[in-house]
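Please study the sequence and the structure shown here. The questions that follow take up several of their features in turn.

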Amino acid sequence: MAGISGHWAFTFGVLGNIVSFIVFLSPLPTFYKIYKKKSTEGYQSIPYVVALFSSMLWIYYAFLKTNTTLLITINSFGVFIETIYVVFYLFYAPKNARVQTIKMLLLFVVGGFGAIILVTQFLLKGIVRGQVVGWICLVFSLCVFVAPLGIVRQVIKTKSVEYMPLLLSVFLTLSAVVWFFYGLLLKDINIAIPNVLGFILGILQMVLYVIYNKKEQAILKEQKLPEKLQNHVVINFIDEKNNNLPELTEEQIIDIVKLGSLISSGKIQVASCLHDTICAAKTENNAPNEQQIEEAKN
C-alpha cells in the first residue's frame, strides 16, 4: 500500500508541477496589458510579492524534508518567474505603487525570510525545525490564496471584472485540487490543508467573475445607441425658459427616427424657423411651382 500511495503521490506531484507551471505563467496576459498601456493602472503587486516569498519558503521546507524533489523543482521556477513579474511591475508602476512594492519586498523577502532562516537554524533542531517551517509555509500558502481577495473587493465595489484575471483563478483552483491530493498521499498536512482553502477561494473568484461579467455586458448593451439613430440627425428642441433639453419618451424617440427616415428619403420637405415664426412642412407634390406663383401675381 505504501508503494502504491508513493506512486500516486509522484503522479499528483508531476501533475502539480504542470498545473503550477501554468499558474505561474497565467499572469502573462496581465503584464502584456501593462506593457501595452505602459502603466500598472488598477493592478496590485501584492499577489506576486507574496507568491515569491511563498516559493522561497517551500524550497527551504523541501530541503528539510525527504521525498520532496517535486516541491523544489516547481518552486525554483516560481522564484524565477515571480522575480521577473515584480521587477516588471516596478518598472511600470507609478511612484506610490513602486514605493509600496519595495516596502513589501523588504518586509517579506529580506526581513521575513531572513529572520525565519536565522531563527530556525540557530534556535531549532531536527524534526521540530521542519515542523515549524512547515507551519509557516502553511500560513503563507493561505496568504497566496487570500491575496487576490483585494481584487475581489475591487470587483464588488466597481462592479467590473477588468482587473480580475480569470485565468489565474481557474488554474489556482486546479492547482489546489492536485496539491491537496499530493499532500494527502504523503500524509503532509502542511501541503494538504492550505489547498482546501485555495479551492474554496478559487471557486468564489470564478463565481464572482461570471456574475459581474454578465452585468458588465448588460450595461454596455444598454449604453449602445440603436442602429437607426446612428444614420440620422436628431434635432433637439430647447426649452427657452430653463435652457434645458426636455426628456423624451421612448415613443417620441421612435417618432423622431421615423421623421428622420422620411427627410433623408426626400418624401417631405422641412422648413426650419427661428424664434416664434410659424413654419409649415408640405409634401413635394403639393408645393406650388414658379408658374402658379406668376399667375397669382397677375
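**The second largest pocket**

Q: Which helices each supply at least two residues of the lining of the second largest pocket?
A: This is a predicted model. In the second largest pocket, at least two lining residues come from each of three helices. These are helix H3 (46-64), helix H6 (126-146) and helix H9 (189-223).

Q: Which element gives the largest share of the lining of the second largest pocket?
A: The pocket holds about 330 Å³ of space, and 16 residues line it. Five residues of that lining belong to one helix, and this is the largest share. The helix is H6.

Q: Which lining residues are the closest to the centre of the second largest pocket?
A: The lining as a whole divides into six nonpolar, seven polar and three charged residues. Of the 16 residues in the lining, five are named as the closest to the centre. They are Tyr61, Lys65, Lys187, Asp188 and Asn190.

**Helical spans and an aromatic pair**

Q: How far apart are the end C-alpha atoms of residues 191-212?
A: UniProt, in an unreviewed entry, lists residues 6-25 and 191-212 among the spans given as "transmembrane region". Residues 6-25 are 100% helix, with end C-alpha atoms 28 Å apart. Residues 191-212 are also 100% helix and 0% strand, and their end C-alpha atoms are separated by 32 Å.

Q: What kind of aromatic pair do Phe31 and Phe88 form?
A: Phe31 lies in helix H2 (residues 28-37) and Phe88 in helix H4, 57 residues apart, and the pair links distant parts of the chain. The ring centres are 5.7 Å apart, with 80° between the planes. Because planes over 60 degrees apart count in this class, the pair is edge-to-face.

**Confidence**

Q: Which element has the lowest mean pLDDT?
A: The mean pLDDT of the protein is 78, and 69% of its residues reach 70 or more. Among the elements, helix H4 (residues 69-92) has the highest mean, 94. Where pLDDT is low, the predicted coordinates should not be read in detail. The lowest mean, 48, belongs to helix H10 (residues 227-230).

Technical notes
Residues are numbered from 1 along each chain as its sequence is written. This is a predicted model: local features need pLDDT of at least 70, side-chain atom pairs count only at pLDDT 80 or more; totals for chains, interfaces and linings use all residues. Side-chain values use heavy atoms; hydrogens and water are left out. pLDDT is the predictor's confidence in each residue, from 0 to 100. Helices (H or I, at least four residues) and strands (E, at least two) are DSSP runs, numbered from the N terminus. On a 1 Å grid over the protein atoms alone, a cavity is a set of points where a 1.4 Å probe fits but cannot get out, and a pocket is an open set with protein on both sides within 12 Å along at least five of seven lines; lining residues have an atom within 4 Å of a point. Grid points are joined across faces, edges and corners, and a volume is the space filled by probe spheres set on the points. Ala, Val, Leu, Ile, Met, Phe, Trp, Tyr, Cys and Pro count as nonpolar, Asp, Glu, Lys and Arg as charged, and the others, Gly among them, as polar. UniProt positions are given in the numbering used here, feature names are shortened, and annotations may be inferred rather than shown by experiment. Rings of Phe, Tyr and Trp (its six-membered ring) pair if their centres lie within 6.5 Å; planes under 30 degrees apart count as stacked, over 60 as edge-to-face and the rest as tilted.
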